[in-house]
Amino acid sequence: MLLPVLFALGAALSNALATVLQRKAALTVPKSEGLRVGLILDLLRRPVWLAGIVAVITAGICQAVALATGPITVVQPLFVLELPLALVIAAALLQGRLSRAGWLAVGTVVAGLGVVLFAASPEGNRTQVPMTHWIPAVAVCVTAIAALVVAALRRPEGRGRAACFGLATAISYAMTAALMKTSMHTLDDGGVTAFFTTWQTYGFALFGVCALFFLENAMQSGPLVASQPALTLGDACVSLALGITVYAEYVRTGWWLIPQILGAALIAAGVLALSRLPLARRLASEEKEQPEQGTAADAGTPAP
């Protein structure tokens, strides 16, 4: 179990680093109200942006190895650490500073994750999944995503719309991971040819693109405090459900559910507190929601 945990942590760290580096690069290019074709050319001349792309690729490789060697019920929940890691890195690279409340929130997320994983004690690592498992899983997830997108589009910009898009992103990420896991086992068993001829490879690519699209809409629809908890907890919960129903992985039940729920509550509280920090809003490009000058933004003081 050590190998998938280490690679999952590496993926979370790489994703966090990529977020910060790309945000840092975006702050150095000319701003534009609309689409600007030259934006990519400007970014390509920024070494920090290229480093962010390398971090994205590294995260993808680490996640693939983690999913190929361990249960999805272990790997995906570890990605809740991405936000705390991103804020810690941002504090160093974006001239920010985490307050005591920020560090307390980071500790709360880490403690909650530890409680959940210890109480659940996930096991199992099935390598082959029958279509009788895939068909209902894909159908339910696609239906849920469609319903959430429709619900989001019917709402005005704000917390409700951002939360709907955030949850749609979470389901897309969870499906991406579930399909990627099978693709990695196919690559290991049958080689490159088998990898590119299995439908799961194109499935995880499609869900991955959808996840990025929904994430962008979530960020533009409302505050991070609405979309981030839905994204973070949704990804972990849906991945847990897919691991159990699709891959027949096992988690402890009975009275163990009590500490699992407690741990999930700690994670939710920590993520909610972190997403309220001005440093988090700055990382999410919500410049208009934070002061341009003063110590509040640098200190990581929670928004009112």
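Tutor: One term before we start: two residues are in contact when they have heavy atoms within 4.5 Å of each other. Also keep in mind that this is a predicted model.

Student: Got it. Let's use that on Trp134: what does Trp134 touch, leaving out residues up to four places away in sequence?

Tutor: Trp134 touches Val129, Met175, Ala178, Leu179, Thr182, Trp199, Gln200, Val246 and Tyr247.

Student: And which residues have the most contacts inside the largest nonpolar core?

Tutor: Trp134 is one of them, along with Leu87, Leu242 and Leu274, and that core has 65 residues. Helix α8, residues 159–197, gives the most to this core, with twelve residues. As background, nonpolar side chains tend to be buried together in soluble globular proteins.

Student: Let me zoom out. How many helices and strands are there in the protein?

Tutor: There are 13 helices and zero strands. Going along the sequence, you just read α-α-α-α-α-α-α-α-α-α-α-α-α.

Student: What share of the residues counts as buried?

Tutor: 48% of the 304 residues. The accessible surface is about 14600 Å², and 70% of that belongs to carbon and sulfur atoms.

Student: What about contacts between residues at least 6 apart in sequence: what percentage join residues at least 24 apart?

Tutor: That comes to 80%. Leu113 and Gly263 make a nice example of a long sequence gap: they are 150 residues apart in sequence, yet 6.2 Å apart in space, C-alpha to C-alpha.

Student: Where is Leu113 placed, and is Leu113 buried or exposed?

Tutor: Leu113 is in helix α6. Leu113 counts as buried because its relative accessible area is 5%, and the cut-off for buried is under 20%. Setting aside neighbours within four places, Leu113 is in contact with Pro77, Leu78, Val80, Leu81 and Ile267.

Student: Pro278 caught my eye too. Which helix is Pro278 found in?

Tutor: Pro278 is in α12, residues 278–283. Pro278 has 4% relative accessibility, so it counts as buried. Pro278 and Leu98 are 180 residues apart in sequence and 9.8 Å apart in space, C-alpha to C-alpha.

Student: New topic, pockets. What's the volume of the second largest pocket?

Tutor: About 280 Å³. The second largest pocket is lined by 17 residues, and Val116, Ala236, Cys237, Leu240 and Ala264 lie nearest its centre.

Student: Which helices each supply at least two residues of that lining?

Tutor: α6 (100–120), α10 (224–245) and α11 (257–275).

Student: How many of the lining residues are nonpolar, polar or charged?

Tutor: The split is 15 nonpolar, two polar and no charged.

Student: Last thing, the backbone. What's phi at Ser121?

Tutor: Phi of Ser121 is near 45°, a positive value in a residue other than glycine. Most residues other than glycine have a negative phi. Ser121 sits in the loop between α6 and α7, where α7 is 131–153.

Student: Why does Ser121 count as partly exposed?

Tutor: Because Ser121 has 24% relative accessibility, and partly exposed runs between the 20% and 50% cut-offs.

Student: And what about phi of Ala248?

Tutor: Phi of Ala248 is near 55°, again a positive value in a residue other than glycine. Ala248 is placed in the loop between α10 and α11. At 44% relative accessibility, Ala248 counts as partly exposed.

Note on methods
Residues are numbered from 1 along each chain as its sequence is written. Side-chain values use heavy atoms; hydrogens and water are left out. On a 1 Å grid over the protein atoms alone, a cavity is a set of points where a 1.4 Å probe fits but cannot get out, and a pocket is an open set with protein on both sides within 12 Å along at least five of seven lines; lining residues have an atom within 4 Å of a point. Grid points are joined across faces, edges and corners, and a volume is the space filled by probe spheres set on the points. Helices (H or I, at least four residues) and strands (E, at least two) are DSSP runs, numbered from the N terminus. Ala, Val, Leu, Ile, Met, Phe, Trp, Tyr, Cys and Pro count as nonpolar, Asp, Glu, Lys and Arg as charged, and the others, Gly among them, as polar. Buried means under 20% relative accessible area, exposed over 50%, partly exposed in between (1.4 Å probe, protein chains only). Accessible areas come from the Shrake-Rupley method with a 1.4 Å probe; for residues, only the protein chains shown count as cover. A nonpolar core is a set of buried Ala, Val, Leu, Ile, Met, Phe, Trp, Tyr and Cys residues joined through side-chain atoms within 4.5 Å.
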